[in-house]
Amino acid sequence: MARAITLIRSDSLSDVAEYAYAATAPAEARLIFLAGSCPLNEDGSTAAIGDYAGQAAKAVENMRTALAAAGASLQDVISTRVLVASARQEDLVTAWQVVRDSFADHDVPSTLMGVTVLGYKDQLVEIEAVAAVLD
């Protein structure tokens with residue numbers, strides 16, 4: 001299956017970051033804008049309370065479900081923003097590693113941000129994403 005996404009790298013930028021610095025999709029691609037993927041169980045309760053890695057994994061699982069409903073997969077994601085309710089860099093890194101590992105070699109441009117609070121009770125992680133597919 002042909003993919004719409006082209007990941008862009010530059011020899012002029014550091015290779016420390018574990019993601020491409022830019023990505024493109026052709027004009028004929030259908031863009032999919034996902035709501036923030038939250039670590040919520042089907043009944044609306046928050047999963048993995050107090051566990052950054054567990055909440056990141058549940059948010060990725062829910063993102064996969066939303067992408068599938070739109071006819072896409074993680075391999076069609078063109079960018080992400082990972083929000084982590086913490087001022088501790090270690091907590092951000094913990095959540096990031098789960099998200100990063102979920103994407104494997106499809107290392108899309110990403111932003112990792114510490115925020116003061118997220119929308120649901122006991123929520124620590126949320127992932128925003130944009131995907132592009134060729135129908």
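Begin at the largest cavity of this predicted model, which has a volume of about 50 Å³; the structure holds one cavity of 30 Å³ or more. To display its walls, select Glu18, Tyr19, Thr80, Trp96, Val99, Arg100, Phe103, His106, Asp107, Val108 and Ser110, the residues that line the largest cavity. If you colour this selection by class, you will find five nonpolar, three polar and three charged residues, and if you colour it by element of secondary structure, you will find that α2 supplies the largest share of the lining, with four residues.

From the cavity, follow the chain into the loop between α2 and β5 (110–115), where Ala104 lies. The backbone here deserves a look, since the phi of Ala104 is positive, at about 50 degrees, although this residue is not a glycine. Most residues other than glycine have a negative phi. With a relative accessibility of 44%, Ala104 counts as partly exposed.

A second stop of this kind is Asp122, which you will find in the loop between β5 and β6. Asp122 has a positive phi near 65 degrees and is likewise a residue other than glycine; its relative accessible area of 35% makes it partly exposed.

Next, select Ser86, in the loop between β4 and α2. Is this residue buried or exposed? Ser86 has a relative accessible area of 13% and is therefore buried, the cut-off being under 20%. A polar atom of its side chain lies 2.9 Å from the backbone nitrogen of Arg88, and, once neighbours within four places in sequence are set aside, Ser86 is in contact with Tyr52, Asp91, Leu92, Gly114 and Val115.

Tyr52, one of these contacts of Ser86, leads to the last stop, helix α1, which runs over residues 52–69. The helix has 18 residues and reaches 26 Å from its first C-alpha to its last, close to the 26 Å expected at 1.5 Å a residue. At its N-terminal end, show the side chain of Asp51, which caps α1 with an oxygen that lies 3.2 Å from the backbone nitrogen of Ala53. Then select Tyr52, Gly54, Gln55, Ala56, Lys58, Ala59, Val60, Met63 and Leu67, which are buried in α1, and add β3 (30–37), β4 (77–85), α2 (89–103) and β6 (125–133), the elements against which the buried residues of this helix pack. Finally, move past the end of α1 to Gly71, which follows the helix and has a positive phi, near 80 degrees.

Notes
Residues numbered from 1 in each chain as written. Predicted model: local features only at pLDDT ≥ 70, side-chain atom pairs only at ≥ 80, totals over all residues. Heavy atoms only, no water. Helix = DSSP H or I, 4+ residues; strand = E, 2+ residues; numbered from the N terminus. Expected span 1.5 Å × (residues − 1). Buried < 20%, exposed > 50% of the residue type's maximum accessible area, 1.4 Å probe, protein only. Contact = heavy atoms within 4.5 Å. Polar contact = N/O pair within 3.5 Å; in protein donor to acceptor, adjacent residues only side chain to side chain. 1 Å grid on protein atoms, 1.4 Å probe; cavity = no way out; pocket = protein on both sides within 12 Å on 5 of 7 lines; lining within 4 Å. Points joined across faces, edges and corners; volume = space filled by probe spheres on them. Nonpolar A, V, L, I, M, F, W, Y, C, P; charged D, E, K, R; others polar.
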